[in-house]
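This briefing covers a predicted model. Please read it alongside the sequence and the coordinates.

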Amino acid sequence: QVHLVESGGGLVQTGGSLRLSCAASGGTFSAYTVGWFRQAPGKERELVAASSWGGGSPYHANSVKGRFTISRDNAKNTAYLQMDSLKAEDTAVYYCAARVGANMMENYDYWGQGTQVTVSS
């Protein structure tokens, strides 16, 4: 079983940048597909970006494409979400999640506690 801990959230002005980190322990990180989700107050949780353990092109939601970039360093058991050109609508709690298997869109098995990102205008 893998344990996930997010960090890097905070308060930033519109147009600014943040980099979220997701540190994994307790499993073979390279064998997991990793996703970043977010949930804003009153809204459903959405998949923002994902990286399959099997390689290939990562997934980025249309709402963040060109602004957010997911990456992973399997040697460090860490995934990242680089967020640039942040907008007020990016304000949410961001969660890191992992799943066994290469499909980035199916249910995730393991979740972090989340980190708050607040973008002020």
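S121 is exposed, because its relative accessible area is 89%. The residue lies in the segment after β11. S121 and A102 are 19 residues apart in sequence, yet their C-alpha atoms are 38 Å apart in space. The model is predicted, and the points below go from the interior to the loops.

**Nonpolar cores**

- The largest nonpolar core has 29 residues. Those with the most contacts inside this core are L4, W36, F68, L81, M83 and Y94.
- Several strands each supply at least two residues of this core. They are β3 (18–25), β4 (32–39), β5 (46–51), β7 (68–73), β8 (78–83), β9 (92–100) and β11 (115–120).
- Apart from the largest core lies another one, of seven residues. Among them are L47, A97, M104 and Y108.
- In soluble globular proteins, nonpolar side chains tend to be buried together.
- What does F68 touch, leaving aside residues up to four places away in sequence? Its contacts include the nonpolar residues V48, L81, M83, L86 and Y94. F68 also touches R38, H60, Q82, D84 and D90.

**Strand β4 and its partners**

- Is β4 largely enclosed or largely open? Seven of its eight residues are buried, so β4 is largely enclosed by the rest of the structure.
- β4 and β9 run antiparallel and are joined by eight bridges. In this pairing, V34 stands opposite A98 of β9.
- β4 also runs antiparallel to β5, with five bridges between them. Here G35 stands opposite A50 of β5.
- β4 and β5 form a hairpin with six residues between the strands. In this hairpin, G42 takes a positive phi near 80°.

**Disulfide**

- How many disulfides does a search of the whole structure find? The search finds one.
- This disulfide joins C22 to C96, with an S to S distance of 2.0 Å.
- C22 lies in strand β3 and C96 in strand β9, so the pair ties together parts that are 74 residues apart in sequence.
- Why is the disulfide called left-handed? The torsion about the S-S bond of C22 and C96 is about -75°, so the disulfide is left-handed.
- C22 and C96 are both buried.

**Aromatic pairs**

- The count of aromatic pairs comes to four.
- One of them is F37 with Y108. The ring centres of F37 and Y108 are 5.1 Å apart and the planes stand at 85°, so this pair is edge-to-face.
- The pair links distant parts of the chain. F37 is in strand β4, while Y108 is in the loop between β9 and β10 (110–111), 71 residues apart.
- F37 is buried, because its relative accessible area is 9%. Y108 is buried as well, with a relative accessible area of 9%.
- F37, Y108 and W111 form one aromatic cluster.
- Y108 thus has a place both in this aromatic cluster and in the core of seven residues.

**Charges over rings**

- Which residue lies over the face of F37? R45 does, at 5.7 Å from the ring centre.
- A second case involves R72 and F29. The charged end of R72 sits over the ring of F29, 4.8 Å from its centre.

**Positive phi in loops**

- N77 is found in the loop between β7 and β8. Its phi is near 55°, a positive value in a residue other than glycine.
- Why does N77 count as partly exposed? N77 has 28% relative accessibility, which falls between the limits of 20% and 50%, so it counts as partly exposed.
- S85 sits in the loop between β8 and β9. S85 is not a glycine, but has a positive phi of about 50°.
- S85 has a relative accessible area of 42%, so it too is partly exposed.

Notes. Residues are numbered from 1 along each chain as its sequence is written. This is a predicted model: local features need pLDDT of at least 70, side-chain atom pairs count only at pLDDT 80 or more; totals for chains, interfaces and linings use all residues. Side-chain values use heavy atoms; hydrogens and water are left out. A nonpolar core is a set of buried Ala, Val, Leu, Ile, Met, Phe, Trp, Tyr and Cys residues joined through side-chain atoms within 4.5 Å. Buried means under 20% relative accessible area, exposed over 50%, partly exposed in between (1.4 Å probe, protein chains only). Helices (H or I, at least four residues) and strands (E, at least two) are DSSP runs, numbered from the N terminus. Contact means heavy atoms within 4.5 Å. Two strands pair if DSSP finds at least two bridges between them. Rings of Phe, Tyr and Trp (its six-membered ring) pair if their centres lie within 6.5 Å; planes under 30 degrees apart count as stacked, over 60 as edge-to-face and the rest as tilted. A charge sits over a ring if NZ of Lys or CZ of Arg is within 6 Å of the ring centre and within 35 degrees of the ring normal. A disulfide is a pair of cysteine sulfur atoms within 2.5 Å.
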